[in-house]
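Please look through the sequence and the model below before reading on. The text that follows goes from the chain as a whole to its sheet, and then to single residues.

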Amino acid sequence: MISANATRLSEALNNHMRNSFHPGSRKTLRKFHPAEVSELTGISMSNLRTRHQEGDFPDVETDSRGRRLYSAEEIDQIRDVMARTGRNGETYRPGRREGDGLQVISIVNFKGGSSKTTTAIHLAQRYALRGYRVLAIDMDPQASLTTMFGYRPEIEFAEAGTVYDALRYEDPVPLSQIIRKTYFHNLDLAPAGLLLSEYETETAYALQHRIEPPFTQRLAIALSEVENAYDLVIIDCPPQLGFTTMSSLLASTGLLITVVPSMLDVASMAQFLEMAGETVRTLEESMGPTDWKFLKFLIARYEPTDVPQAQMAGFLRSILLEQVLNTPMLKSTAISDAGMTQQTIYELDPNQVVRKTLDRILESVNGVADEFEAVIQQAWGRRNS
């Protein structure tokens, strides 16, 4: 009965995907309006127009009203022009500079439904649009992040092609061989699938038989092969503290912990932090201290009009102080509606959504991403991007 239900669900999801996207095609990214380009790049609307008139910027498509429409690649070309010719040109290329290390950020929580995947994909896409070279790694065997990029993991990665191939103890492959280019310019994906769950049992066996390198180093070693190709790595971790999560944490330079401001979720997070702390302390005795440059908490699925949530958010801030990001990730129908077709708010056409609803959630998500971007920049020793 379980298998029959799985088959029926899989067929229904396949039909849903075919209805959402053209048959045989991959997801594509929409084009962006001038106001969006101005917000993403910091170029004023007037300067954007002037530079086009002077021929500095590439010719782009226009809509029926003559308004320019920009692809992500064209936005990147404009960044290049501004980096060469604009005042404070380096601000248009906010990624790594000489001497900067790769920033590896794990999005974690012990509890499902805490917006880890939502946070991971929106941060990855926002930073790619902001001009960073981003690698998203799906470390959850449920593969929700991979699905959001338009893949069917249980079909396309049933046998091979996931991050498991680079982590496994027998004949691992270079990480570069499983990384996929996505429809998002500057954003690549290391996908997940059910096979990744094998890593837990194989690691237990490897520890018993002292197989090297240990799980504490495997993801870091895999990343070392591709680190020069990226500025940021965003890891979506599974909702449990197993070897997969620990491999991610120990390869990271910073952590972002999502928490829904309810008593049950905060209690669950406290348990997660206690267990993680004890585990990391034990591992540090044999491998030396971890080198996290930052640890931040993000209040997620926040409803400002919910009094108990507002009280719990205040409680968290009073205990964790500046470690809590000032900007919460709001709960929004725009995010859930977009998710029905495996989309994010950055992929939605603004003309197909209630403007007020979209503006509200964009302000929230962009605010979170921008505040956290400042944390990343500080880790590189800069005050601002």
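**A walk through the sheet and its surroundings**

V108 stands opposite I257 in β8. This pair is a convenient way into the structure, which is a predicted model. V108 comes from the pairing of strand β3 (residues 103–108) with β8, which runs in the parallel sense over four bridges. On the β9 side, I257 stands opposite F297. I257 can thus be followed to partners in two strands, V108 in one direction and F297 in the other.

Before going further along the sheet, consider the whole chain. The protein chain holds 15 helices and nine strands. Its radius of gyration is 21 Å, close to the 21 Å that the globule rule gives for 385 residues, so the chain is as compact as a globular protein of that length. Along the principal axes, the C-alpha atoms fill a box of roughly 70 × 50 × 45 Å. Of the 385 residues, 51% are buried. The accessible surface comes to about 18,400 Å², and carbon and sulfur atoms account for 51% of that surface. Contacts reach far along the sequence: of those between residues at least 6 apart, 78% join residues at least 24 apart. The chain carries 39 positive and 49 negative charges, and the mean positions of the two sets are 6 Å apart.

Now to the sheet itself. Seven strands make up an open sheet with mixed pairing, and their order is β5-β6-β4-β7-β3-β8-β9. The edges are β5 (180–181) and β9 (294–299); each has a single partner strand, so one side of each is left without a neighbour in the sheet.

At the β9 edge, the partner is strand β8 (residues 254–259), and the two pair in the parallel sense over six bridges. T258 of this pairing has L298 in β9 as its bridge partner. How many of the residues of β8 are buried? Six of its six residues are, and the strand is mostly covered. The cover extends to both faces: G254, L256 and T258 are buried on one side, and L255, I257 and V259 on the other. I257, the residue met at the start opposite V108, therefore belongs to a strand whose two faces are both covered, with buried taken as under 20% relative accessible area.

At the other edge, β5 and β6 pair in the antiparallel sense over two bridges. The bridge partner of R180 in β6 is L189. Five residues lie between the strands of this hairpin, and N186 takes a positive phi near 75°. Strand β6 (residues 187–190) is buried on both sides, with L187 and L189 pointing one way and D188 and A190 the other. Further into the order, strand β4 (residues 134–138) pairs with β6 in the parallel sense over four bridges. Here A136 stands opposite L189, the residue that is also the bridge partner of R180.

V134 lies in strand β4. Is V134 buried or exposed? At 0% relative accessibility, V134 counts as buried. Leaving aside neighbours within four places in sequence, V134 is in contact with A124, Y127, A128, N186, L187, D188, Y230, L232 and I234. One of these contacts, N186, is 52 residues away along the chain, yet its C-alpha atom is separated from that of V134 by 6.0 Å. N186 is also the hairpin residue with the positive phi. L187 and D188, also among the contacts of V134, are residues of β6 that point opposite ways.

Some backbone details lie in loops. The loop between α9 (198–208) and α10 (215–224) contains P213, and the peptide bond from E212 to P213 is cis, with omega near -10°. R210 is found in the loop between α9 and α10 as well. Its phi is near 55°, a positive value in a residue other than glycine. R210 is exposed, with a relative accessible area of 72%.

A positive phi also occurs beyond the β9 edge strand. R301 is found in the loop between β9 and α13 (307–320), and its phi is near 55°. R301 is partly exposed, with a relative accessible area of 34%.

Definitions and conventions:
Residues numbered from 1 in each chain as written. Predicted model: local features only at pLDDT ≥ 70, side-chain atom pairs only at ≥ 80, totals over all residues. Heavy atoms only, no water. Rg over C-alpha atoms; globule rule 2.2 N^0.38 Å. Buried < 20%, exposed > 50% of the residue type's maximum accessible area, 1.4 Å probe, protein only. Contact = heavy atoms within 4.5 Å. Areas by Shrake-Rupley, 256 points an atom, 1.4 Å probe, with all protein chains shown as cover. Lys, Arg positive; Asp, Glu negative; His and termini not counted. Charge placed at Lys NZ, Arg CZ, Asp CG, Glu CD. Pairing = 2+ DSSP bridges.
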